[in-house]
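Trainee: I am new to this structure and should be grateful for a close look at a single part of it. Please begin with the position that the database record singles out, and describe its surroundings.

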Amino acid sequence: MAGLSEGTDGVGANGADGPVRVDDPSYLVGVPDEFQRLWTPHRMVYIQQADPGHEGCPFCVAPSMSDEDALIVARGTHAYALLNLFPYNSGHLLVCPYRHIATYDEATPEEVAEIGSMTQTAMRVIREVSNNDGFNIGMNQGAVAGAGISAHLHQHIVPRWAQDANFFPIIARTKALPQLLGEVRASIANAWPR
C-alpha cells in the first residue's frame, strides 16, 4: 500500500502493532527524549558559503568604517566590539580581534586579554542599559561548529531576559526586537567606559 512501510518486527515507530505510517506525521515522532529541536535552515547560507578571505571579510572591513555605519560600540588596541547585524536579541554584541584569524588558539596573549576584558565590560554595560537577567557567551570555531563567518574569530555576547522567549520565532518566523540597531548601538556606546 502506498505511504506505508512495514517494520521489521511488526511494531510501528509509535510502539503500536502493525505497519509504520509515513504518510501521517504523528507516526514519525519517534521515542521522546529530553532534547528540544530548533530547526534553523536559514543558517545554511552562512555554513555553505566560501571563506570570503581577508578582502571581503566584514570583520576586517568594519574598523575602516564609522562607528555608526559599522555598529561599533567600542574600539580597543587589539580588538573591538560591534553589534551583530542579525541579532538573536537586542544588544547582541560581537567582540573581534582586528587581526584576521580564524580560531582562538591563533590569538596572541594580548588579543586574548583584550577580548576577555571587552567581554566583561560589555556584560556590565549591557546589564546597565538593558536590565537583562543573564547572558549567552561563546565562540563557534569553524563552519562545522556553526560559525557564520568562520574565517574571522568573534565572541558572541547575547543578553537574555527571563521572559525573552515567545512564539514569534517558531510560529511566525519573526524575531521581536524592541529597539532599532542604531538606538541600541548608541545606548551601549554612550555607556561604555572611556
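Mentor: The residue to examine is His-154, placed in the loop between strand S6 (134-138) and strand S7 (155-160). The model is a predicted one. According to UniProt, in an unreviewed entry, His-154 is listed under "active site".

His-154 has a relative accessibility of 7%. Because buried means under 20% relative accessible area, His-154 counts as buried. Apart from neighbours within four places in sequence, the residues in contact with His-154 are Phe-59, Leu-94, Val-95, Cys-96, Gly-138, Met-139 and Ile-149. There is also a link within the loop region: the side chain of His-154 comes to 2.8 Å from the backbone oxygen of His-152.

Strand S5 (93-97) leads on to another part of the model, for S5 is among the elements against which the buried residues of helix H7 pack. The others are helix H4 (67-70), strand S3 (72-75), strand S4 (79-83) and helix H5. In H7, which covers residues 181-191, the buried residues are Val-184, Arg-185, Ile-188 and Ala-189. Seen down the axis of H7, these residues fall within an arc of 120°, and therefore they line one face of the helix. An α-helix has 3.6 residues a turn, so residues three or four places apart point the same way.

Helix H5 spans residues 109-130 and contains Gln-120. With a relative accessibility of 44%, Gln-120 counts as partly exposed. Its C-alpha atom is separated by 9.7 Å from that of Ile-157, although the two residues are 37 residues apart along the chain.

How values were computed
Residues are numbered from 1 along each chain as its sequence is written. This is a predicted model: local features need pLDDT of at least 70, side-chain atom pairs count only at pLDDT 80 or more; totals for chains, interfaces and linings use all residues. Side-chain values use heavy atoms; hydrogens and water are left out. UniProt positions are given in the numbering used here, feature names are shortened, and annotations may be inferred rather than shown by experiment. Helices (H or I, at least four residues) and strands (E, at least two) are DSSP runs, numbered from the N terminus. Buried means under 20% relative accessible area, exposed over 50%, partly exposed in between (1.4 Å probe, protein chains only). Contact means heavy atoms within 4.5 Å. A polar contact is a pair of N or O atoms within 3.5 Å; within protein, one must be able to donate a hydrogen and the other to accept it, and residues adjacent in sequence count only if both atoms are side-chain atoms. The arc is that of the directions from the helix axis to the C-beta atoms.
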